[in-house]
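Visitor: Please take me through the contact between the chains of this model, one question at a time.

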Amino acid sequence: MTAKGMVIIDENRCKGCGLCLAVCPVHILKLADGRFNTRGYRPVEITDPEACTGCAMCAIICPDVVFTVYRRRARRGQPAPPPTG
Amino acid sequence: MATGQDIPPDMEPVYQYPESLTSRFTHYCPGCTHGVIHRLIAEVIDELGIRERTVGVAPVGCAVLAYDYFNLDFCEAAHGRAPAMATGIKRVSPDTVVFTYQGDGDLAAIGTAEIIHAANRGELITTIFVNNAIYGMTGGQMAPTTLPGQVTTSSPGGRDVRMAGWPIKMAELIGVLPGAAYVTRQAVLDVPGIRRAKQAIRLAFRVQLAGLGFSMVEILSTCNTNWGLSPLEALEWAKAHMVPYYPLGDTKVADAVRALMEQA
């Protein structure tokens, strides 16, 4: 595990609007192909979890609070940067 | 909300579900920025630690069910009358923090008198005004905020300003009233704009908490369904067409509010 960040996707909240796909700076989000959530939408998926930086841009643009975002604590006991937003 | 996934011990949360939102799924269309604005308000209320004493007043329009989505005390006002209801709540219970959440049909059409007089009286309430240049809930008719030439179901040839008048600039209109302490226009069309909108909402609530007067944040929003665009195209359309007509920025910052801003 070397990823700097981690997102947890609450799949059933997702309406597949795709706004997060456009803002993700590392382009690791896509809509599910041929798979639907309980409300019939194609939910967002993460393609490469190792590339996530934990920038939380997806969470900031998301109208449906789909994302919970974590960021790896900096080394040498320094605290992680404060939450964005 | 987190699922059963394991979180490594050196990972710290940077974004979590706000306590001031319920877990209900919203009825808003996919990509509708109402959801973003709800979230920003909830985050600000969480961060200010005022959830237990905040009362929201919901409008008529797409946000009519806002009381289902905020984990707060909430009232539903008659169409356009949210500022009047908020006035009553705030005057009877001065310790509460009262905000109205209104769309452009609610605030800028049927409720114009209420918002102007509430602002002019300097009521200690905060108004979040969502401007998406159309009537969303009723099927995309022309609103007072619809842009010149904009096609809607009731202006199929585009808004003709000779017949329907000009789009109304509420932030400028309210900004000139002496009772208004802080009035600003923001947009939730990209990540930096969403961050600025959140700062504005936070300041608006702080103005109320400090008892400085009426505060309003107008927020340019999208209605991709009734504009006939994809969610992403709608953000770009709003940037290209709405922002030039509705310039972003503060239209009123009272001296006392400026002092408050400097306190960070």
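Visitor: How many residues does each chain give to the contact?

Guide: This is a predicted model, in which local features need pLDDT of at least 70, side-chain atom pairs count only at pLDDT 80 or more, and totals for chains, interfaces and linings use all residues. Residues are numbered from 1 along each chain as its sequence is written, chains are lettered from A and ligands numbered from 1 in the order written, and side-chain values use heavy atoms, without hydrogens and water. With contact taken as heavy atoms within 4.5 Å, the numbers are 40 residues from chain B and 39 residues from chain A.

Visitor: What area is buried between chain B and chain A?

Guide: Buried area is the accessible area (1.4 Å probe) that two parts lose on being put together, summed over both. Carbon and sulfur atoms give 62% of it, and the total is about 3,500 Å².

Visitor: Which residue of chain B forms a salt bridge with R73(A)?

Guide: A salt bridge requires a side-chain nitrogen of Lys or Arg within 4 Å of a carboxyl oxygen of Asp or Glu. Two are found across the interface of chain B and chain A. In one of them, R73(A) has its closest N and O atoms 2.8 Å from those of its partner, E12(B).

Visitor: Which elements of chain B each supply at least two residues of the side that touches chain A?

Guide: Helices (H or I, at least four residues) and strands (E, at least two) are DSSP runs, numbered from the N terminus. The elements are β1 (11-15), α1 (34-48), α8 (191-209) and α10 (231-245).

Visitor: What is the strand order of the open sheet of three strands?

Guide: Strands pair if DSSP finds at least two bridges between them. β4 of chain A (residues 67-72) pairs with β1(B) over four bridges in the antiparallel sense, with R71(A) and E12(B) as bridge partners. Five bridges join β4(A) to β1(A), also antiparallel. The order is β1(A)-β4(A)-β1(B).

Visitor: Which strands stand at the edges of the sheet?

Guide: Each edge strand has a single partner strand, so one side of each is left without a neighbour in the sheet. These strands are β1 (5-9) of chain A and β1 of chain B.

Visitor: How many residues apart in sequence are R202(B) and E47(B)?

Guide: Their side chains meet in a salt bridge, 2.6 Å from N to O. R202(B) lies in helix α8 and E47(B) in helix α1 of chain B, so the pair ties together parts whose separation in sequence is 155 residues.
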